[in-house]
Amino acid sequence: HWSYNDREGTNAKATLYVTSYSNDFGITMAQEKYALHSSITDVGLKTELHKGFFSMGAEAILHNVNPQRVTSAGLLSIHNDDENHTEGWECSAFVNAKHRLTTNTLLQAGLRASTYASTSYRHGAANPSASVTQYIGNTRLFLSYAMRTQYLFQTGFSDMGLPTEFWFSANKNRAPQFSQGIELKAEVPLARRRYQVTATAYHKRLYNQIEYSGTVLDLANSNYHLNNNLLHGNGINYGFNIMLNKTAGQLKGWICYSYSKAHRTFTIDGVRDKYPANHDRTHEVNAVATYSPNSRWSFGATMVACSGTPFTAPECVYLLNGNIVTQMSRHNANRLETYARTDLSANYKWHSSGKREHGLNISLYNVLCHNNVLFHYVRLNKKKELYYKSVHFISPILPSISYYMKF
């Protein structure tokens, strides 16, 4: 990072970064072993300039993407003609301007232009945005509209709860995704600003959405291709959330409830219908509290409770040459059980010579030992009977201890 500030209110920042993620997934069936590798590495440079009511910036990213690709060892040989590696440049620039219409009314407008270019594909887009902020006493009202475009997509198996998601990029067969959305937000301080209530409602339309419709057993298909297992369609996201935040005193924290729906419209087997998105969680409650009796000690608690995510369950299961073969039900028609977790922590910090700060943290993850389901799968017991098995964390509670030093 590099940053610059002067007394006239001008500040600039530049960031050079690299991020990398890879995922290796394997499965063994009878005499066959299948491996599934995917990875993504980004190298980017981002710059921003702010002065008064005006801001601008630019970003350039080199995406190095290895989408999902199957390799096998055994009697069968998998041939995959889909792209195994993609390099693409994503470049963007934005400009934003603010204007105070009245003492209590602030207008903002912006434009973001972007381009994406790989070996055989090029695309460009211009995304406008606008917002108005209105102050009524101590209450702040915020209304905004924004259009967004993205050239990288993420998806994974919907019949599992494992983190098997992978990235792939736009090309001639996969148009860039874009969205248009509006948001209304209200912030109301209470009790001399010791508390604040924030309520938000939003509605967003999404275009060129993609989800993975294949199953793990599709890997054994010698004609397997990534593009043959992708669903293309549009979507709608909408919902609201309300948060109560305590910002003063020894006890601080917040609690938030969210209601959200994420629908996708896909054509499956010739039938066009709405389906829940892979990440759809209808209800979610989050709460965080910290208590600091003095400058050295602090105690924390976190609570999470939410609806289970959708997944595609087997409709019927049978054996073929010793292998389990499944026929899947309606896409994302099932949900995992409700997820709930409570974490506790204690922190102790002190200072040594040279203004160094030291800290010790002790925490308990899932202290109430809630038996959360990670995913489901079909198994075969010793009597050759098929059954549905739920997989949980190896340990219902996870203690940890850590030490840090700042200098």
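Q: Strands are DSSP runs of E at least two residues long, numbered from the N terminus. In which strand is the place of A146?
A: The structure is a predicted model. Within its protein chain, the secondary structure comes to 0 helices and 26 strands. The strand that holds A146 covers residues 139–150 and is β8.

Q: Is A146 buried, partly exposed or exposed?
A: Buried means a relative accessible area under 20%, and exposed means over 50%. A146 has a relative accessible area of 22%. This value lies between the two limits, so A146 is partly exposed.

Q: Which residues are in contact with A146, leaving aside its neighbours within four places in sequence?
A: A146 and Q180 are 34 residues apart in sequence, and their C-alpha atoms are 5.9 Å apart in space. Contact requires heavy atoms within 4.5 Å. With the sequence neighbours within four places set aside, the residues in contact with A146 are P128, S129, S179, Q180 and G181.

Q: What percentage of contacts between residues at least 6 apart in sequence join residues at least 24 apart?
A: The pair A146 and Q180, at 34 residues apart in sequence, is one example of a wide separation along the chain. For the protein chain, the share of such contacts that join residues at least 24 apart is 59%.

Q: What percentage of the residues of the protein chain count as buried?
A: The protein chain exposes about 23,600 Å², of which carbon and sulfur atoms supply 57%. A residue is counted as buried when its relative accessible area is under 20%. Of the 407 residues, the share that count as buried is 34%.

Q: Which elements give two or more residues to the lining of the largest cavity?
A: The count comes to 2 cavities of 30 Å³ or more, and the largest has a volume of about 50 Å³. Its lining consists of N23, F25, L36, S38, Q68, T164 and F166. By class, this lining has 3 nonpolar, 4 polar and no charged residues. The elements that give two or more residues to it are β2 (10–29) and β3 (32–51).

Q: How is the aromatic pair of W297 and F299 classed?
A: The count comes to 12 aromatic pairs. In the pair of W297 and F299, the centres are 5.8 Å apart, with 5° between the planes. Planes under 30 degrees apart meet the cut-off, so the pair is stacked.

Q: Which residues do ring pairs link into a cluster?
A: W297 counts as partly exposed at 36% relative accessibility, and F299 is partly exposed with a relative accessible area of 36%. Ring pairs link these two with further aromatic residues, and the cluster is W297, F299, Y348, W350 and Y403.

Q: What separates the C-alpha atoms of S298 and N361?
A: S298 lies in strand β17 (residues 297–306). Leaving aside neighbours within four places in sequence, S298 is in contact with Y291, S292, S345, A346 and N347. N361 is 63 residues away from S298 along the chain, and the separation of their C-alpha atoms is 9.6 Å.

Q: Where is R193 found?
A: R193 is not a glycine, although it has a positive phi of about 65°. R193 is exposed, with a relative accessible area of 53%. Its location is the loop between β11 (177–190) and β12 (195–212).

Q: Phi of C369 is near what value?
A: The place of C369 is in the loop between β23 (356–365) and β24 (373–380). C369 is partly exposed, with a relative accessible area of 36%. C369 is a residue other than glycine, and its phi is positive, near 55°.

Note on methods:
Residues are numbered from 1 along each chain as its sequence is written. This is a predicted model: local features need pLDDT of at least 70, side-chain atom pairs count only at pLDDT 80 or more; totals for chains, interfaces and linings use all residues. Side-chain values use heavy atoms; hydrogens and water are left out. On a 1 Å grid over the protein atoms alone, a cavity is a set of points where a 1.4 Å probe fits but cannot get out, and a pocket is an open set with protein on both sides within 12 Å along at least five of seven lines; lining residues have an atom within 4 Å of a point. Grid points are joined across faces, edges and corners, and a volume is the space filled by probe spheres set on the points. Helices (H or I, at least four residues) and strands (E, at least two) are DSSP runs, numbered from the N terminus. Ala, Val, Leu, Ile, Met, Phe, Trp, Tyr, Cys and Pro count as nonpolar, Asp, Glu, Lys and Arg as charged, and the others, Gly among them, as polar. Rings of Phe, Tyr and Trp (its six-membered ring) pair if their centres lie within 6.5 Å; planes under 30 degrees apart count as stacked, over 60 as edge-to-face and the rest as tilted. Buried means under 20% relative accessible area, exposed over 50%, partly exposed in between (1.4 Å probe, protein chains only). Accessible areas come from the Shrake-Rupley method with a 1.4 Å probe; for residues, only the protein chains shown count as cover.
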